[in-house]
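Colleague: Please display the chain, so that we may discuss its side-chain contacts and its cores.

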Amino acid sequence: MSLEGGSTCTECGILAEDTALYFGGSTVRQAITQDLDLRGAKFLQYWGRIGSENNMTSCHRPICRKEGVLLDYSTDGGITWTLLHEMDYQKYISVRHDYILLPEDALTNTTRLRWWQPFVISNGIVVSGVERAQWALDNILIGGLAPYAHGDSLYFNGCQIRQAATKPLDLTRASKIMFVLQIGSTSQTDSCNSDLSGPHTVDKAVLLQYSVNNGITWHVIAQHQPKDFTQAQRVSYNVPLEARMKGVLLRWWQPRHNGTGHDQWALDHVEVVLTRKQNYMMNFSRQHGLRHFYNRRRRSLRRYP
């Protein structure tokens, strides 16, 4: 995301957690994403604020509509923009959570989003606008995003233990764990199937767990039933407070399966989001040493017809 007239700080207070994107520049104030693949996306949500109730110097109260913030989208590289939402200057002096359904026209693979505050142009020059109320954004999330193939994924089809485990991680500042998961498939192919009617289907779920004692004991964060993941899905979970420390292991584990050729699953795009708006993608094989066991084949996650 590119910023103009903005920085990461708490000059407009804390919106959701820790620092936010704060805009108080004297000329252009805007945040623009890169082109995003929003095919299959459903909604956009974020926390926003314009000015403040107590009229702080660094975030003073807005007095007119031109101090509001506009949310636009573009599907042609920023040549033209379509208004998606107006953050009204009267409603955002308190922190506000927006949940916006994305229109069909925005669901392309080259969609960029822009939050910006109107400014005055005089003789072709952007006029200094220090009188405009400052504003801030936090926790921007695009939800319901259908994952598409992005290279290889971890694929589990072995006859013995099926799990992926990280090396010890520092989750002191971690906020969320996100990843894409598929168990079996709707088309029930030989390489990707799951028996959804058997007596032990529940035991074939894939569990997300964490350990704070080097794998001696494990605690469940979430379980994923095969019937709910026959199509690849991106999921997100809050990191438990008990896991926000150094030396934490994460693992994805399937307690039971019927061996090679049955109950296969795949894992992709694991991401840990930090509270200070920094994030990193886990590199399965190098950066964080994510180990996968008894899996000879890798394949891409994709939607089956």
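Colleague: How far apart, N to O, are the side chains of Lys 227 and Asp 228 in their salt bridge?

Modeller: This is a predicted model, in which local features need pLDDT of at least 70 and side-chain atom pairs count only at pLDDT 80 or more, while totals for chains, interfaces and linings use all residues. Residues are numbered from 1 along each chain as its sequence is written, and side-chain values use heavy atoms, with hydrogens and water left out. A salt bridge requires a side-chain nitrogen of Lys or Arg within 4 Å of a carboxyl oxygen of Asp or Glu. Lys 227 and Asp 228 meet this criterion, with an N to O value of 3.2 Å.

Colleague: Is Lys 227 buried or exposed?

Modeller: Buried denotes under 20% relative accessible area, exposed over 50%, and partly exposed the range in between (1.4 Å probe, protein chains only). Its partner Asp 228 has 37% and is partly exposed. Because the relative accessibility of Lys 227 is 58%, this residue counts as exposed.

Colleague: Which parts of the chain does the salt bridge between Glu 86 and Arg 65 link?

Modeller: The closest N and O atoms of Glu 86 and Arg 65 are 2.8 Å apart. Strands here are DSSP runs of E with at least two residues, and helices are runs of H or I with at least four, numbered from the N terminus. The two residues are 21 apart in sequence, and the pair links strand 7 (residues 82–87), which holds Glu 86, with the location of Arg 65, the loop between strand 5 (43–50) and strand 6 (69–74).

Colleague: How many residues apart in sequence are the parts tied together by Lys 204 and Asp 263?

Modeller: These side chains form a salt bridge at 3.5 Å, N to O. Lys 204 lies in the loop between strand 15 and strand 16, whereas Asp 263 lies in the loop between strand 19 and strand 20, so the parts tied together are separated by 59 residues.

Colleague: Which residues touch the most other members of the largest nonpolar core?

Modeller: A nonpolar core is a set of buried Ala, Val, Leu, Ile, Met, Phe, Trp, Tyr and Cys residues joined through side-chain atoms within 4.5 Å. The largest such core has 27 residues, and those touching the most other members are Leu 171, Phe 179, Trp 252, Trp 265 and Leu 267.

Colleague: How many strands does the chain have?

Modeller: Of its 305 residues, 47% count as buried. The secondary structure contains zero helices, and the strands number 22.
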